[in-house]
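Hello,

Here is the structure I promised to pass on to you. Please have a look at it first, and then read my notes below.

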Amino acid sequence: MKPGTGIRSILPDRSLLPALVIAAVVSVFVMNYAIPLGYAVSSLLLALIAASVIHGYRNVSPLRVAGIEAEGCFAGEPGILEITLHNPARHGVFSINVRYGHEVVAIAYLGGGQSRRIDVLYHPRQRGIQDLGGITITSAYPLGLLMTRKYLSLRKDQLVYPKRLPCHLGQILSSRLGSVQARQTRGGDPQPAGVRAYARGDAPGRIHWRLSARGQGLMVKEFDRPAPHMDSLMLCWSDVPGDTEERLSRLCEGLLHLEAQRRFNYGLSLPGIDIPPGQGREHLARCLQQLALF
Amino acid sequence: MNAERITLGQTLLTGGILGWVMLPQIGMMPGWFAPLYAIIVVLSACQAGGIVEPLSIVAKIMTGVAAAAVLIFTYGLDDIQALVFPGFLLLLALKPLESRHRHEHVQSLLLAYLVIAANLMHNPSPLMMAHAASSCLLTVLGLLVVANGAERTAWRPLLARGAWLVLSAVPLAIIFFTVMPRLSAPWIAVDLGLTQTISGVGDTIQPGSISSIASSRDVAFRAEFKGRIPTHENLYWRGPVMWDFDGSAWRSDNQSRRVRILTAGMPAERITEVKITLQPYAHRWLFALDAPIRRVPMGYLTSNHELRALKPPDEVIQYTTISAQGPINAGPLDPRERERALRLPRTGNEKTRQLATRLRAGSSDDREVVNKAIRLFATGGFTYTLSPPRVEADFVDKFLFDIKEGFCESYASAFAFLMRAAGVPTRLVAGYQGGEINPVSGHLTVRQSSAHAWAEVWIDDWGWVRVDPTAMVAPERMRSGWAESTGLWGNDSRVVKLKAYLEAMDHLWTRWSLNEASGTNSTLTSAWKGLSHSPLAWGVLAAGIMGGALTWGLRRYDRHRRLTPQAQAIHALARLEGKLGLRRETGQTPCQYLHQAAIRHPDAAATLHDVASLYATLVYAGLSKEDAKQAIVQLQSAIGRLIMHIYSLK
């Protein structure tokens, strides 16, 4: 099954049974009293009910998932999933509800050839590579008698980092921090070298609030790459307390903290895996990936 | 936003559409119905818009009970059947009060179809047809809007798609229309009182009985002649024949014999074939051109040359009559019939009786008596009026000697009395006279205003001869035609033409719909009739429906089967997890989990280890499709055994 293709099914909505009963009553009524034109009316009603099956099916059938974007997120915390729904058909799609998990997003109309981005939250429970599952599109179009349902598999695996738990970096690193602390107290906070537009994944601590307030969108402070001779820290598995998951969680938080601070090069040492010290978003992502997949 | 809830605008739209659909019934409902409905719609719209608080359940019940009580008070409980349809309309009108969700409005709009059908039963005219068509379209529009809660930007495409929906339903509707069975007799004989039956010409004639309907422009029946239409003064449409006079009223009875063909061997030029489309009518007389000589399928012919229906036609019916013009000689008059045709009340109308004696004294035979009486009416200073003064006793005397003005029933009645008093066997006939020839379709429309009464006298050797004293008094009445009947609009030719077209369309429509209802004469119907009556066709239809349902069911079932073996294995394992009552720890691989479970359940350890190794093989070994299939079967059976085992422990 390709991404974006889906299973469609047509389920009776709560109005279908009354509709069929009413259609039957109208038919019996016109037959009983032999109302010549009434036959036309009851036939039309029956035909409308039947035609609404095809129209309902046709309404949701062209919908595709044109794109999925998700930011890396942490187990136990909701992440935002941006799903772009595309209607490649010439006709518009009416009144659909897109359900993902417990979230429902209503789209009243999606014209032919148009796309619509919807944001839904997803709640990863476990770390690792998680299947994002799929979305269910339901619609009562056209007459509210039948619920047409289409399941679209997102076909996307998402990396979920360990759950974040508080990490007391001071305690963990106390044995290795001597020289660093000295430098830190001397130099104070590093001054930003410039600003750039906010990108997803930037630490909130780096947002340049004063500039952002001027209405040009969120801006973040850029720091000079730390000097290569900067002190290096290794976050070690063995230094963190707790069981496997707890350790991973604390390491995860520690990595984020260090990256946000931008003061040190940091490395990661897990049983059997060693990542040499480094810095930056890519480095952080590599470290977190190891934690997620451990 | 809760999509299920209905908005103020949608409530008003549904209310408006239902109001439009119920409009033709407003006249049948009590006067308070329309204002009540308007209030309900506005109130429920305010509820939907959050302007007012929703009514409490007590208030709703009280409203319902009050409305029902007023309805019963209006209609009374004597005729429960007559309450059925107004009750239904009342419920439909009250429904918006408790409809706050989408599906409830959908149901209201669907129920509108019942009202549309009832409207068409009530009055199947072209105007009502247009109303029904507009109602159907509006209902679809309402359903579209209510079901989809259209945004303003989506209105146009929604309308376009709605039109497309209706168009695509039409072919299917035609199929349904043709296969729908037509019943020869109703299943449920509840008279909803929806059909308009016009009293028309009834079973008795007394002063005022015909003049009361003479101002009605309602159509009594329409006639299509095979061949030439007789001249206007020969268009006598025969209804009941009345023998018995009690001093004020003439009555028909059921004593007359049924006969098959009364007169055979008539010369062809005296025979006229007419197809008559009779509107619903409260009595059993099937009108025919004077005088019918052959029975019709839904009725019988009496020895009086009356066509009598087996039951009052409470719907439009069509029949073809064969009539013979001119006097009909049915052999010598039976002595008992002669006695009946001369019977008069013992006393009363003495002056007329004296006049009759004088007429008889100066005449040699019955024919001369009749001629003298006709001359008397033509020259006696009588005038024709639609509103004759009411007279209680000795009506004939007062009419002939004092008032001297009256309507056809007065003339016919007085003439018949005079003839009987003079010893000429006489009877009264009620029916219609004349009609309007439609210049478009060529058919003849006979309205209630053409109701008429005349007399028949027995002349030896001739038989019963029609004598119409009204024709002597007011010959102009016999000449009214299409152009003169336009009344209010004068003689504006365009209006006359338009009315002629409408009238022709009405007739064509009635005739077509009659053919459809009876399932005859229509090529479309006859083509499908065979099919719809054959068990094979119904079998194919049933098989199609079942096949469709089965395909659908399999499709849904297939969803699970189409998963990869790996995914199926995971599903199966998850099922096991629930049954074992042992949660899989975070980060624990399925195999680790199964081994842990084996420690917990030593009695099932062997199977659990089997499951673990099968699972590992399935997920990691990269089996071929066939092998994987086999492995999954084994895995599932192992899990099944495990689950059975767990149940047995419990």
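**Where the two chains meet**

The contact (heavy atoms within 4.5 Å) takes 56 residues from chain B and 57 residues from chain A. Before going further, please note that this is a predicted model, in which local features need pLDDT of at least 70 and side-chain atom pairs count only at pLDDT 80 or more, while totals for chains, interfaces and linings use all residues. Residues are numbered from 1 along each chain as its sequence is written, chains are lettered from A and ligands numbered from 1 in the order in which they are written, and side-chain values use heavy atoms, with hydrogens and water left out.

Together, chain B and chain A bury about 5,200 Å², and 72% of this is on carbon and sulfur atoms. Buried area here is the accessible area (1.4 Å probe) that two parts lose on being put together, summed over both. The elements of chain B that give two or more residues to the side touching chain A are α5 (102-122), α6 (126-148), α7 (155-179), α14 (493-518) and α16 (535-561). Helices (H or I, at least four residues) and strands (E, at least two) are DSSP runs, numbered from the N terminus. The largest share of that side, 13 residues, comes from α5(B). Sorted by class, the side of chain B that touches chain A has 39 nonpolar, seven polar and ten charged residues. In this scheme Ala, Val, Leu, Ile, Met, Phe, Trp, Tyr, Cys and Pro count as nonpolar, Asp, Glu, Lys and Arg as charged, and the others, Gly among them, as polar.

How many salt bridges does the rule find across the interface of chain B and chain A? It finds zero, where a salt bridge is a side-chain nitrogen of Lys or Arg within 4 Å of a carboxyl oxygen of Asp or Glu. There are, however, seven residue pairs in polar contact across this interface, both residues being at pLDDT 80 or more. A polar contact is a pair of N or O atoms within 3.5 Å; within protein, one must be able to donate a hydrogen and the other to accept it, and residues adjacent in sequence count only if both atoms are side-chain atoms.

**The chains one by one**

Chain B has 20 helices and 18 strands. Of its 650 residues, 47% are buried; buried means under 20% relative accessible area, exposed over 50%, and partly exposed in between (1.4 Å probe, protein chains only). In chain B, 72% of the contacts with a separation of 6 or more are between residues 24 or more positions apart.

Chain A has seven helices and 16 strands, and 50% of its 294 residues count as buried. Among its contacts between residues at least 6 apart in sequence, 64% join residues at least 24 apart.

**Sheets in chain B**

An open sheet of five strands in chain B runs in the order β11-β7-β2-β16-β15, with antiparallel pairing. Its edges are β11 and β15 (436-437) of chain B, each with a single partner strand, so one side of each is left without a neighbour in the sheet. Two strands pair if DSSP finds at least two bridges between them. At one edge, eight bridges join β7(B) (residues 271-278) to β11(B), and E273(B) stands opposite I322(B). Seven of the eight residues of β11(B) (317-324) are buried. At the other edge, β15(B) pairs with β16(B) (residues 444-447) over two bridges, with E436(B) opposite T445(B).

There is also a hairpin, formed by β17(B) and β18(B) with three residues between them; D461(B) in the turn has a positive phi of about 75 degrees. Five bridges join these antiparallel strands, and I459(B) has G463(B) as its bridge partner.

**Two residues to look at**

Is H232(B) buried or exposed? At 17% relative accessibility, H232(B) counts as buried. H232(B) lies in the loop between β2 (219-226) and β3 (236-242) of chain B, and its side chain reaches the backbone oxygen of G435(B) at 3.4 Å.

In chain A, P276(A) is found in strand β16 (residues 273-278) and counts as exposed, at 51% relative accessibility. Leaving out residues up to four places away in sequence, P276(A) touches Y266(A), G267(A) and H283(A).

Best wishes
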